[in-house]
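Work through the exercises below with the model open beside you. Try each task before you read its solution.

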Amino acid sequence: MLRWVFFAVFVTVCLVFSGNVRASLLNLQAEELIQAGDSDLQVNGYSVPSYVDWDSDGRRDLVVGEGGGGYAGKVLVYLNIGTSSSPAFSDFFYAESNGAELEYSDGCNCTCLGLFPRVVNWDGDGRKDLLVGRPDGKVAIYLNTTTDSEPSFDTGTLLQVGQSGSKLDLSVVARATSSTVDWNNDGKKDVVAGSLEGKIHLFLNQGTDMEPDFVFESIVCEGGEELVVPSERSSPAICDLDGDGNKDILTGNTDGQLLFYQNVGTDEEPVFSDYTFLESEGVPIDLEGVPRSRPFVCDWTNDGYLDILVGSGDGKVHLYQGVPEPGTIVLLGIGFLFFLRRGRI
C-alpha cells in the first residue's frame with residue numbers, strides 16, 4: 001500500500017515541477033458576476049474589464065471600459081476595498097484626461113464598442129499609462145501626467161505606423177481591441193489588436209521599449225493562413241494558457257464565446273493551431289445573445305490559478321475562476337494525507 005502512496009506523491013511532485021499542474025488552469029468553474037456594493041457591477045453599453053493595481057496599494061482593482069449602444073466611451077475605475085485574495089468593490093470614478101473625464105464619442109455612439117482600455121507603462125517612466133482601442137479602429141496612448149498612485153492622463157495621441165516621413169494613423173478597420181505584448185521576445189513592447197473583421201493585427205516595435213516605433217503591420221496566421229475568428233469581432237488576450245512556456249491566444253467573438261489558439265511553435269516565433277472552445281464546468285462558454293465577448297486573463301484571488309474576466313453587451317463583468325483538474329486534486333490529496341499520517345504536516 002505504501003508503495004502506491006509513494007508513487008502518487010512522486011507523480012504529484014513530477015506534475016508540479018513539469019508544469020502540468022499549471023496546464024490545468026483552463027479547468028474553469030461556473031460563471032460568476034462581479035458585484036459592486038450589493039448588486040451586479042453594471043456599466044453603460046458594452047463592458048471591457050481588466051484587473052490591475054490602479055492606485056499602487058498592492059491590491060488589484062477593476063478598470064472597465066464602457067460605451068457603445070448609444071453611450072459615449074469612458075473608462076471606469078473600481079478600487080479594491082477588499083484584499084488581494086478576496087477582492088471587493090463599491091463605488092467607481094472615471095479616469096481623467098486633461099482634467100476632465102476621458103471620453104470618446106463618434107457622434108452617433110451606435111457601435112458595439114465604447115473604449116477598450118489597457119493599463120501599460122508606455123514610455124518607461126515607471127508610471128501607468130492607458131492604451132485605448134477605439135470603435136473607429138484607431139488606437140490612442142494616454143500618458144500619465146501625475147503619479148503612479150493617482151493616475152491622470154494627457155489628451156491622448158493616436159498611434160501611427162509606417163516609414164519615417166510617411167506614417168499614417170494605426171487602424172484595424174473598426175472595433176480596435178488593443179493590448180501590448182513582447183511578441184518576439186526582443187525586450188520591446190509590441191501592439192496586438194483585434195478587429196471587427198475577426199483578424200488579429202500585429203505591429204512589431206522597431207524602435208525602443210521607451211520610444212516605440214511601428215513600421216509594418218502583419219496579420220497573425222493559423223496553419224499558414226490569416227487567422228479569422230469565427231463570427232468575427234476578435235478580442236485577443238495573449239498569454240501562456242497551457243503552461244508550456246509559450247504565448248497562446250485567447251479571444252472573444254461576436255457570439256460571446258471564448259476561443260483558445262494553442263501556440264505549437266516557440267515563444268519567440270509563435271505558430272498557432274486551430275481553435276478549441278474554452279469550457280466552464282465541461283460546457284463551452286457561450287454568453288446569451290450576441291454580446292461581443294472581451295476576455296482578460298488574471299489571477300483573481302491570488303491562488304496561482306488563471307482566471308478569466310469577460311466583458312459583454314450586457315454591461316456586466318463575468319468571471320470564470322480556474323481550479324485544478326480533478327485528477328490533480330486527488331493526487332495532491334493523497335500526498336497531503338501521506339504527509340499528515342507521517343506527522344510532517
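The exercises go from the whole chain to single residues, and the model is a predicted one.

**Exercise 1. The overall picture**

Task: State how many helices and strands the protein has, and what share of its residues is buried.

Solution:
- Start with secondary structure. There are three helices and 31 strands.
- Turn to burial. Of the 345 residues, 51% are buried.
- Now take the surface. The protein exposes about 15,100 Å², and carbon and sulfur atoms supply 53% of that area.
- Finish with contacts. Among those with a separation of 6 or more, 50% join residues 24 or more positions apart.

**Exercise 2. A four-strand sheet**

Task: Find the strand order in the open sheet that contains β11, and work out which strands stand at the edges.

Solution:
- Trace the order. The open sheet runs β11-β12-β13-β14, with antiparallel pairing.
- Count partners. β11 and β14 each have a single partner strand, so each has one side without a neighbour in the sheet. These two are the edge strands.
- Look at the pair β12 and β13. They pair in the antiparallel sense over four bridges.
- Pick out one bridge. Val132 has Ala140 of β13 as its bridge partner.

**Exercise 3. Thr146 in its loop**

Task: Locate Thr146 and list the backbone atoms that its side chain reaches.

Solution:
- Place the residue. Thr146 sits in the loop between β13 and β14.
- Check its exposure. Its relative accessibility is 33%, so Thr146 counts as partly exposed.
- Follow the side chain. The side chain of Thr146 reaches the backbone oxygen of Glu150 at 2.6 Å. It also reaches the backbone nitrogen of Ser152, at 2.9 Å.
- List the contacts. Beyond its neighbours within four places in sequence, Thr146 touches Arg127, Pro151 and Ser152.
- Compare sequence and space for Arg127. Arg127 is 19 residues from Thr146 along the chain, and their C-alpha atoms are 8.4 Å apart.

**Exercise 4. Three salt bridges**

Task: For Lys128, Glu226 and Asp267, name the salt-bridge partner. Then say whether each residue is buried or partly exposed.

Solution:
- Note the total. The count comes to 13 salt bridges.
- Take Lys128. Its partner is Asp148, with the closest N and O atoms 3.2 Å apart. The pair links distant parts of the chain, 20 residues apart. Lys128 is in the loop between β11 and β12, and Asp148 in the loop between β13 and β14. Lys128 has a relative accessible area of 8%, so it is buried. Asp148, at 25%, is partly exposed.
- Take Glu226. Its partner is Lys199, and the closest N and O atoms are 2.9 Å apart. Glu226 belongs to strand β22, while Lys199 lies in the loop between β18 and β19, 27 residues apart. Both ends are partly exposed: Glu226 has a relative accessible area of 41%, and Lys199 has 22% relative accessibility.
- Take Asp267. Its partner is Lys247, with the closest N and O atoms 3.2 Å apart. Asp267 lies in the loop between β25 and β26 and Lys247 in the loop between β23 and β24, so the pair ties together parts 20 residues apart in sequence. Asp267 counts as buried at 17% relative accessibility. Lys247 counts as buried too, at 6%.
- Add the network. Salt bridges that share partners join Lys74, Glu101 and Glu103 into one network.

**Exercise 5. A buried glutamate**

Task: Glu66 is buried and has no salt bridge. Show how the distance to Lys74 fits this, and find a backbone atom beside the Glu66 side chain.

Solution:
- Place the residue. Glu66 is in strand β5, residues 61–68.
- Recall the cut-off. A salt bridge needs a side-chain nitrogen of Lys or Arg within 4 Å of a carboxyl oxygen of Asp or Glu.
- Apply it. The nearest side chain of opposite charge is Lys74, 5.4 Å away. Glu66 has no salt bridge.
- Look for a polar neighbour. The backbone nitrogen of Asn44 lies 3.0 Å from a polar atom of the Glu66 side chain.
- Survey the surroundings. Leaving aside neighbours within four places in sequence, the contacts of Glu66 include Val43, Asn44, Tyr46, Lys74, Tyr94 and Leu115.

Terms used:
Residues numbered from 1 in each chain as written. Predicted model: local features only at pLDDT ≥ 70, side-chain atom pairs only at ≥ 80, totals over all residues. Heavy atoms only, no water. Buried < 20%, exposed > 50% of the residue type's maximum accessible area, 1.4 Å probe, protein only. Lys, Arg positive; Asp, Glu negative; His and termini not counted. Polar contact = N/O pair within 3.5 Å; in protein donor to acceptor, adjacent residues only side chain to side chain. Contact = heavy atoms within 4.5 Å. Areas by Shrake-Rupley, 256 points an atom, 1.4 Å probe, with all protein chains shown as cover. Pairing = 2+ DSSP bridges.
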